[in-house]
Amino acid sequence: MRNHYGGLYKSVIGDIGIMIYKDKIINIELFNEETQHSLHSIEMYKLLEENHISKQAIKALTLYLSGSIPLNMKSNSMFLLSIPLYMQGTSFQKDVWNTLMYIPHGETRSYKDIANILGKPNAMRAVGNACKKNPILFFIPCHRVVSHNGKIGGYRAGLDTKKHLLTLEAQTKHRF
């Protein structure tokens, strides 16, 4: 896989697969009991070589999952990360994903909030579908999006993982 780097990394919530193409993250997957992936997917990540971006990403994820830093790519936080991302999707999906990156650590927004921010108040389901197709878990924080009534809703990496991330962020929000 020429020009592809990354790897499969152990974390407290499962194995995390990171794929880099031309020095930008193109995919992050979580492999645990909640997620359904083929063995082929896991093996693909094991074949990748690390590079400076994958090392930077796994360091950030390790610190985030330990509650030491927030994962903020574009918020008003002083803890902004400068890890380059390459988002592959429709222009609407990219608009949703860019909007999600402004949700601060420890806060949530509803699918309706995101649709309103995008000027498409009736696009709540489309926002949900964009979250479901988010190729870069954690750095594009779709886990911070909940139903309008506050219910957790779905998450590609599993509901227990989403609850874990939201609880972690709620507990560490005051530090940042």
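## Burial and overall form

A residue counts as buried when its relative accessible area is under 20%, and in this predicted model 48% of the 176 residues of the protein chain count as buried. The protein chain exposes about 9,200 Å², of which carbon and sulfur atoms supply 51%.

The protein chain holds six helices and five strands, and reading along the sequence gives the pattern β-β-β-α-α-α-β-α-α-β-α. The radius of gyration is 15 Å, close to the 16 Å that the globule rule gives for 176 residues, so the protein chain is as compact as a globular protein of that length. Along the principal axes, the C-alpha trace spans about 45 × 35 × 30 Å. Among contacts between residues at least 6 apart in sequence, 59% join residues at least 24 apart.

## Confidence

The mean pLDDT of the protein chain is 91, and 94% of its residues reach 70 or more. Confidence is lowest in helix α1 (residues 39–46), where the mean is 81, and highest in α4, where it is 98.

## The strands β1, β2 and β3

Strand β1 (residues 4–11) runs antiparallel to β2, and eight bridges join the two; they form a hairpin with two residues between them. Strand β2 is joined in turn to β3 by seven bridges, again in an antiparallel arrangement, and these two strands also form a hairpin with two residues between them. Y21 can be followed through both pairings, since Y21 in β2 is the bridge partner of H4, while in β3 the bridge partner of Y21 is K24. Seven of the eight residues of β2 are buried, so this strand is largely enclosed by the rest of the structure.

K22 lies in the loop between β2 (14–21) and β3 (24–31), and in this turn K22 has a positive phi of about 50°. Most residues other than glycine have a negative phi. K22 is exposed, with a relative accessible area of 55%.

## The nonpolar cores

The largest nonpolar core has 46 residues, and those that touch the most other members are I18, I25, I28, L100, F138 and F139. The elements that give two or more residues to this core are β2, β3, α2 (52–65), α3 (91–100), α4 (111–117), α5 and α6 (159–172), with the largest share, seven residues, coming from α2. A second, separate core of six residues includes M19, I26, F31 and L48. In soluble globular proteins, nonpolar side chains tend to be buried together.

## F138, a buried loop residue

F138 belongs to the loop between α5 (124–132) and β5 (145–146), and F138 is nevertheless buried, with a relative accessible area of 0%. Phi of F138 is near 75°, a positive value in a residue other than glycine. K22 likewise has a positive phi, near 50°, but K22 is exposed, whereas F138 is buried.

Leaving aside neighbours within four places in sequence, F138 is in contact with I13, I16, I28, L61, L71, H143, Y155 and L165. Of these partners, I28 is also among the residues that, like F138, touch the most other members of the largest nonpolar core.

## Two helix positions, T161 and Q56

T161 is found in helix α6 and is buried, with a relative accessible area of 4%. Not counting residues up to four places away in sequence, T161 touches I13, L30, N32, E34 and Y155. Two of the residues in that list, I13 and Y155, are also contacts of F138.

Q56 has its place in helix α2, the helix that supplies the largest share of the 46-residue core, but Q56 itself is partly exposed, with a relative accessible area of 33%. With residues up to four places away in sequence left out, Q56 touches S82 and I83. Between Q56 and P141, which are 85 residues apart in sequence, the distance in space is 18 Å, C-alpha to C-alpha.

Key
Residues are numbered from 1 along each chain as its sequence is written. This is a predicted model: local features need pLDDT of at least 70, side-chain atom pairs count only at pLDDT 80 or more; totals for chains, interfaces and linings use all residues. Side-chain values use heavy atoms; hydrogens and water are left out. Helices (H or I, at least four residues) and strands (E, at least two) are DSSP runs, numbered from the N terminus. Buried means under 20% relative accessible area, exposed over 50%, partly exposed in between (1.4 Å probe, protein chains only). A nonpolar core is a set of buried Ala, Val, Leu, Ile, Met, Phe, Trp, Tyr and Cys residues joined through side-chain atoms within 4.5 Å. Contact means heavy atoms within 4.5 Å. pLDDT is the predictor's confidence in each residue, from 0 to 100. The radius of gyration is taken over C-alpha atoms; the globule rule is 2.2 Å times the number of residues to the power 0.38. Accessible areas come from the Shrake-Rupley method with a 1.4 Å probe; for residues, only the protein chains shown count as cover. Two strands pair if DSSP finds at least two bridges between them.
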